[in-house]
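Visitor: I'm new to this one, so please pick a single part and walk me through it slowly. I'd like to hear what is unusual there and what it packs against.

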Amino acid sequence: MSLIVFVGRRLVGAAVLLVVLSAVIFAATAVLPGDAVSAVAGVDASEAQRAEVRAELGLDRPAAARYAAWAAGAVRGDLGHGFVGDRPVTDVLATRLPNSLLLAGLTLAVTAPLAALLGLWTGLRGGGADRFVSTAAQILAAVPEFVVAALLVAVLAVWLELLPRVSVIPLGGTPLDVPHALILPVLTLGAVGLAVATRLLRVSVADAAATPYCEAARLNGVRGVRLAVRHILPNAAGPAVHALALTTGALVGSAVVVENVFDYPGIGRELQLAVAARDIPMVQGIATVLAGVMLAVLLTGDICARLLGAREGHGR
Amino acid sequence: MSRQIDRRAFLRRGAAGAAALAVGPGLLAACSTEEPASDRKSGPGSSPRSGGTLRAAFVGGGASETLDFFNGPSALDLVRARAWHGTLGNLDPSGPDGVRYGVLKGIDIADDLSAYTLHVRPGVRFTDGSELTAADVLHSLSSLAATSKLPVYRLAAANFDLAHARAEGDLKVVLPTLRPIADGRMILCQGNFLVVKDGTKRFRKGMPSCGPFRLTEFTAGQGAAFERYDDHYGHVPHLDGLELRAIADSTARAGALTGGEIDFAHDLSPVTARTLGDNGNVELVPTKSPYLVGLSFQMNMKAKPFDDPRVREAFKLAVDRRAMVDTVFYGNAEVGNDLPSLGFPDYAEGLPQRAHDPERARALLKEAGAEGMKVTLTTGPETPGMVEMATLFVEDLKKAGVRASVRELPAGQLYADFPAYTALPLVGSYQMPVPALSTYQMSTAGGSPSAFGWKESATDTLVAKARAESDRAEARKLGTRAQRTRWEDGNQVLPVFKPNLNAQSKGVRGIRDDLFEQFPGFSQASLA
């Protein structure tokens with residue numbers, strides 16, 4: 001099967017899945033207890049005022065009709081307006097999603113090479129260094145994000161005063177205007193991802209190193225970096241690529257803790273706020289787009305893994 | 001006065017005016033006050049210092065924040081609007097009518113209380129040079145406020161016939177009342193009523209405004225930047241500029257303050273505020289009465305045994321209010337007396353403070369046959385301190401022999417299903433600072449769902465009579481009588497009023513002078 005056919009089939013599958021997911025998300029918002037009326041009209045609104053607001057928001061229509069209307073708009077790129085503040089959902093996505101993608105991308109850029117390095121080193125070396133790194137990674141993976149964040153703030157921002165405590169981004173600017181403000185969020189998110197990826201890589205590197213194929217390469221005089229990069233990494237990277245793709249995709253929408261602690265303007269907190277306010281168009285729009293991002297990242301991961309696999313097949 | 005008009009006429013003449021603006025903001029600030037004695041005490045060389053940009057941080061409302069403050073529910077939406085637009089007025093206990101007027105000169109009330117006449121202050125100018133007239137006030141009231149869904153504007157709509165307001169000439173707006181009321185100034189001049197230009201439909205950067213600052217930058221969920229408006233009515237701000245930031249997390253706001261990235265942090269959690277106590281560079285500036293949020297518990301009179309007044313009284317006597325103030329708010333709060341609106345002119349000051357008497361509570365419960373009753377208190381983290389208060393209340397109730405427990409809902413859920421909420425037997429709640437009687441009429445009278453089964457037409461009539469009484473002493477007497485029935489028989493336990501725990505860098509001054517502290521204004525603020 002050629003790569004193009006593979007990608008095509010995966011794309012069609014992802015599109016179908018996205019439609020299904022959007023319906024599931026809508027169903028989830030429908031079963032949430034309560035509605036946006038309290039958030040919009042205030043908690044002490046009278047019954048008549050509530051009914052009026054409910055009608056104005058279109059909440060008095062049946063759920064299926066509301067979903068159909070939403071889906072018809074979404075196909076044309078119109079995700080509707082939020083109940084609270086009446087902002088177009090696409091506006092909110094356009095300002096917040098790039099920030100989240102940037103944060104996830106930077107985290108990946110830091111994590112992937114480091115994890116490869118540490119995974120190779122510990123997997124090939126074994127011994128004391130392996131035990132040390134592996135234990136450290138295990139502990140790091142077990143520590144909750146907010147604790148990591150608090151420790152990093154205490155050391156780097158409060159004690160050593162190297163970095164700002166919160167990411168105050170200039171108005172009208174992007175996080176890239178203040179690169180130093182990105183360091184703490186990226187370190188926090190990277191720490192956990194790095195620990196998990198390192199553990200996974202270490203195991204598969206050790207497995208790959210023990211294969212007869214590597215043995216043969218080594219007997220033929222291939223050693224050191226060349227052995228690691230040409231012969232072991234391609235065989236060992238598969239599971240780690242998938243794990244990294246999963247964590248990176250998830251990072252885009254669920255870095256809420258880090259967004260809160262460092263006041264980073266990402267999309268995760270918007271989703272959280274929208275859920276708390278029962279702002280259905282906002283929840284629906286953001287969640288669907290995040291599902292799309294996740295599918296895209298997974299697809300990329302699949303393609304990478306397949307390319308690695310293909311290379312393995314031809315390389316022998 | 002005439003000198004000032006000359007200056008304005010001069011300034012309006014094109015380029016020369018622009019040049020003068022560019023070179024002389026300090027000069028303008030020094031000579032443009034209409035009421036130098038009351039508004040500014042600064043003489044040459046004395047504090048407060050002019051200039052600088054003050055940076056303040058608030059919770060914010062995320063990317064759904066809006067410039068349209070008539071439809072923006074977050075505190076920051078209103079704070080931003082206060083900096084940007086002129087106001088009808090603010091509550092001011094020391095003012096002659098209990099208010100300090102903004103773009104108004106005064107409000108007259110018809111003898112039969114059927115209409116209010118708003119007198120526009122002459123000479124107020126928008127940033128586009130045009131003069132503020134009755135048409136602008138009318139548009140803001142009858143087109144924008146009248147269609148708003150926010151509670152504060154609904155309070156006005158419940159008292160005034162906004163749709164039938166009319167302008168008489170350029171400087172007069174006549175506002176008919178829906179029923180005779182004498183306390184309408186307090187509703188119109190709560191600080192929320194801001195004025196935009198006639199015909200405004202969309203709110204955007206660059207639209208004409210007449211507040212102390214003009215908006216230069218706005219990113220929803222992130223912040224807004226302002227520069228001083230040198231032709232602001234009354235007085236020109238000391239600050240050159242203002243930056244209002246959204247930082248959602250309380251600890252992060254405090255961190256930005258101690259790190260010097262902001263000069264003012266709004267509404268910190270009690271614990272965060274406490275950690276700032278020993279920091280030499282910042283000071284805590286909690287809001288003062290009446291700008292306090294009431295934290296309360298509602299007993300549902302439709303549910304047994306709360307239909308029995310003895311049980312309700314027992315629950316009120318069981319609370320250790322002082323302990324709540326001390327342990328939840330580290331002393332930074334006021335003890336409540338089971339009535340909302342502490343500090344407002346119509347609050348019943350004269351009633352005795354309810355005692356903490358667990359013995360009497362136990363006896364009352366026994367008398368009512370509710371000894372060892374079981375009850376679940378439902379609450380959620382809707383505002384800092386709510387859940388902690390509920391935990392303490394349940395402990396107090398246990399001491400009075402009630403088998404009580406707390407059910408904590410996730411953030412945002414408590415009020416989301418309102419009919420379910422109003423059917424619960426015992427719930428946590430909070431009250432924003434609003435006048436006592438008009439709010440009672442809007443949300444408690446007539447057996448409204450948020451009254452939790454309280455339905456007393458005698459009290460409702462008394463409140464209506466108190467509000468329709470022009471004689472202040474008599475109105476006060478009637479109002480206190482009405483509130484006494486709530487105090488004695490009511491179904492609300494209101495043990496604590498908490499301030500917004502704001503903090504600022506040492507040397508920041510004048511924020512409190514702008515009144516309406518809950519949504520701070522910066523027109524009189526200055527930096528160290």
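Guide: Before we start, a word on names: helices (H or I, at least four residues) and strands (E, at least two) are DSSP runs, numbered from the N terminus. Also keep in mind that this is a predicted model. Let's stay with chain B for most of the walk.

Start in the loop between β5 (104–109) and β6 (115–120) of chain B, where you'll find B:L113. Its phi is positive, about 60 degrees, even though B:L113 is not a glycine. That's worth a pause, as most residues other than glycine have a negative phi. B:L113 has a relative accessible area of 6%, and because buried means under 20%, this leucine counts as buried.

Strand β6 gives us a way onward, since β6 is among the elements that cover the buried residues of helix α6 of chain B. Others that do so include β7 (166–167), β8 (172–176) and β9 (194–195) of chain B. Helix α6 itself runs over residues 134–144 and is mostly covered, with eight of its eleven residues buried. If you want to pick them out, look for B:A134, B:D136, B:V137 and B:L138, then B:H139, B:S140, B:L141 and B:L144.

Now hop further along chain B to strand β13 (residues 264–268), which holds B:D267. Here's another residue other than glycine with a positive phi, near 50 degrees. With a relative accessibility of 18%, B:D267 falls under the 20% limit and therefore counts as buried.

Next come two prolines, each reached through a cis peptide bond. B:P290 is in the loop between β14 (282–284) and β15 (292–299) of chain B, and the bond leading from B:S289 to B:P290 is cis, with omega near 5 degrees. On the other side of β15, in the loop that runs to α11 (309–318) of chain B, is B:P305. The bond joining B:K304 to B:P305 is cis as well, with omega about 0 degrees. As a rule, most peptide bonds are trans.

That second loop delivers us to α11(B), which packs with helix α13 (residues 358–367) of chain B. Their axes are 8 Å apart and make an angle of about 160 degrees. Angles over 145 count as roughly antiparallel, so that is how α11(B) and α13(B) are arranged. The crossing of α11(B) past α13(B) is left-handed. As for who touches whom, α11(B) brings B:R310, B:V311, B:E313, B:A314, B:F315, B:L317 and B:A318, while α13(B) brings B:P358, B:R360, B:A361, B:L364, B:L365 and B:E367. Sorted by class, this contact has nine nonpolar and four charged residues, with no polar ones.

One last stop in chain B is B:K399, which lies in helix α14 (residues 386–399). Its relative accessibility is 56%, and since exposed means over 50%, B:K399 counts as exposed. B:K399 and B:F160 are 239 residues apart in sequence, and their C-alpha atoms are 48 Å apart in space.

For context, here's a quick glance at chain A. An unreviewed UniProt entry annotates residues 97–301 of chain A as "domain: ABC transmembrane type-1". In the model, that span is 82% helix and 0% strand, and its end C-alpha atoms lie 20 Å apart.

Definitions and conventions. Residues are numbered from 1 along each chain as its sequence is written. Chains are lettered from A and ligands numbered from 1 in the order in which they are written. This is a predicted model: local features need pLDDT of at least 70, side-chain atom pairs count only at pLDDT 80 or more; totals for chains, interfaces and linings use all residues. Side-chain values use heavy atoms; hydrogens and water are left out. Buried means under 20% relative accessible area, exposed over 50%, partly exposed in between (1.4 Å probe, protein chains only). Axes are lines fitted to C-alpha atoms, for helices over the stretch in contact, and angles run from 0 to 180 degrees between N-to-C directions. Angles under 35 degrees count as roughly parallel, over 145 as roughly antiparallel, 65 to 115 as roughly perpendicular and the rest as oblique. A crossing is left-handed if the near helix is turned anticlockwise from the far one by less than a right angle, and right-handed if clockwise. Contact means heavy atoms within 4.5 Å. Ala, Val, Leu, Ile, Met, Phe, Trp, Tyr, Cys and Pro count as nonpolar, Asp, Glu, Lys and Arg as charged, and the others, Gly among them, as polar. UniProt positions are given in the numbering used here, feature names are shortened, and annotations may be inferred rather than shown by experiment.
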